[in-house]
Amino acid sequence: MKFTALLHHLNEGSLLKAFYRLEPKAAPGVDGVEWQQYRMNLEANLKALCIRVHRGSYRAKPSRRVYIPKTDGRMRPLGVAALEDKIVQGAVVEILNAIYEADFLGFSYGFRPGRGAHDALDALATGIQRRKVNWVLDTDIRGFFDNLNHEWMLKFVQHRIADRRLLRLIGKWLRVGVIEQDQWKASESGTPQGATVSPILANIYLHYVLDTWTHHWRRHHAQGEVLLVRYADDFVMGFEQREDAEQFLNLLHQRMGKFGLELHGEKTRLIRFGRYAAMQRERRGQGKPETFSFLGFTHISSRSRNGNFLLTRHTMRKRLCAKLSEVKRELQLRRDQLLSAQGEWLGSVLRGHYRYYGVPTNIHALDQFRTELGHAWYRSLRRRSQKRSLIWERMAHHVTRWLPRANICHPWPWDRFDARTQDKSRVR
């Protein structure tokens with residue numbers, strides 16, 4: 001079924017909700033308009049914006065290109081949209097969510113209402129722990145957001161949407177281009193990372209390119225069990241049989257190439273993983289089982305105290321080192337602050353770290369992060385004075401007072417997965 005009339009849902013009320021969902025302190029786009037400035041005459045601004053959208057006189061502005069560091073040392077390009085573009089995109093995203101949430105499959109978790117990274121991690125851990133998973137396909141799509149094909153994107157949207165005015169809006173955002181070093185660059189492919197509408201467009205693209213195709217393949221062609229968990233453009237697959245995994249990987253290369261995408265050769269690999277991986281690799285003299293990373297955690301095949309298979313998850317070393325480097329740089333900027341102010345800030349950093357990485361089997365990595373944070377703080381405080389009168393015994397008191405101990409904030413993944421699905425959805 002196609003929706004032929006949708007733009008009437010984009011009204012002043014939906015624009016107002018989209019405005020208040022924005023981050024007030026976010027960086028401005030090429031127009032230089034900030035959230036607080038726009039709010040001063042909000043009602044008139046939104047009314048004028050709504051009229052322009054419905055008359056067809058609304059013009060999208062190019063995104064402002066900025067770069068942020070990645071964990072591997074490279075720079076990730078982001079596009080900062082103008083404020084009014086963010087508002088209109090936010091209202092359109094609500095319309096698209098209402099349509100596509102009925103279509104998206106259960107193993108898709110990224111940027112969907114009511115779903116988050118830990119839901120994807122729970123589904124993956126539960127699937128590996130309970131299903132017949134002997135091989136894991138760890139994949140990476142090379143520059144997905146930069147190589148998304150505009151023509152295919154609009155074709156996919158047209159499967160469900162026939163409102164030409166809404167399609168025209170999406171086309172404008174795809175082709176509007178970017179401003180980098182005061183130079184305009186056309187956007188022949190891709191959608192800017194950081195744009196409000198980009199996550200839902202990415203999900204729509206991969207829904208047709210990957211999700212529905214993979215779901216059909218495993219139901220009609222796979223010989224053994226197949227597990228898939230996808231979060232945005234990051235996905236992991238588990239296979240019972242190696243033949244299925246190798247056949248699927250060959251087909252996946254062809255499938256991605258058809259739609260202008262490419263798998264990263266160095267980051268895409270098929271590894272033996274699961275309850276029998278250690279025994280089989282030991283028999284072949286290959287050492288410990290290989291590991292893979294997903295959403296900030298390194299996943300490891302190990303054993304529980306009673307000898308049964310147990311999937312363990314540790315904080316990725318790259319993420320840990322990157323966060324420590326970020327904290328050290330911030331400590332240099334806060335060197336002149338009172339010790340109590342520094343302690344409160346470091347405590348908030350630790351609590352935020354625990355809220356994400358505090359999963360069972362990860363307590364040692366949490367302890368390590370707290371220890372390294374304490375030593376970094378100690379070195380920073382000693383640099384404030386040439387006398388270096390601060391000794392570690394006194395510093396240990398400050399660490400105990402301000403830095404909370406490692407805390408497991410999350411239950412076992414299969415317990416939470418069962419509670420969330422209530423036996424209504426099997427692990428897929």
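Which residue of S7 stands opposite Val-226? In this predicted model, the partner turns out to be Phe-239. That pair is a handy way into the sheet around it.

Val-226 sits at the start of strand S6, which covers 226-231. S6 and strand S7, residues 234-239, run antiparallel and are joined by six bridges. Zooming out a little, these two belong to an open sheet of four strands, ordered S6-S7-S3-S8 and paired in antiparallel fashion. At its edges lie S6 and strand S8 (269-272), each of which pairs on one side only. Leaving direction aside, neighbouring strands of the sheet are turned against each other by 15 degrees on average. As a general point, the strands of a sheet pair through hydrogen bonds of the backbone, and such pairing can be parallel or antiparallel.

Two helices come into the picture next. Helix H9, made of residues 198-220, lies across S6 and S7, and it runs at about 175 degrees to S6. Helix H10 (residues 242-258) packs on the sheet as well, where it touches strand S3 (135-138), S7 and S8. The direction of H10 makes about 150 degrees with that of S7.

What does the whole chain look like? There are 16 helices and eleven strands in it. Its radius of gyration is 24 Å, close to the 22 Å that the globule rule gives for 428 residues, so the chain is as compact as a globular protein of that length. The C-alpha trace spans about 70 × 65 × 40 Å along its principal axes.

Then there is the empty space. Rolling a probe the size of a water molecule over the atoms shows where such space is left. The count comes to three cavities of 30 Å³ or more. The largest cavity holds about 70 Å³, and its lining includes Lys-61, Asp-85, Trp-173, Thr-191 and Pro-192. By type, the lining of this largest cavity divides into six nonpolar, three polar and two charged residues.

The second largest pocket offers about 220 Å³ of space. It is lined by 18 residues, and those closest to its centre are Arg-65, Asp-146, Val-178, Ser-187 and Ser-189. Strand S1 (63-69), helix H6 (144-147), helix H8 (164-175) and strand S4 (178-180) are the elements that each give two or more residues to this lining. Sorted by type, the pocket lining has eight nonpolar, five polar and five charged residues.

Definitions and conventions
Residues numbered from 1 in each chain as written. Predicted model: local features only at pLDDT ≥ 70, side-chain atom pairs only at ≥ 80, totals over all residues. Heavy atoms only, no water. Pairing = 2+ DSSP bridges. Axes fitted to C-alpha atoms, helices over the stretch in contact; angles between N-to-C directions. Contact = heavy atoms within 4.5 Å. 1 Å grid on protein atoms, 1.4 Å probe; cavity = no way out; pocket = protein on both sides within 12 Å on 5 of 7 lines; lining within 4 Å. Points joined across faces, edges and corners; volume = space filled by probe spheres on them. Nonpolar A, V, L, I, M, F, W, Y, C, P; charged D, E, K, R; others polar. Rg over C-alpha atoms; globule rule 2.2 N^0.38 Å.
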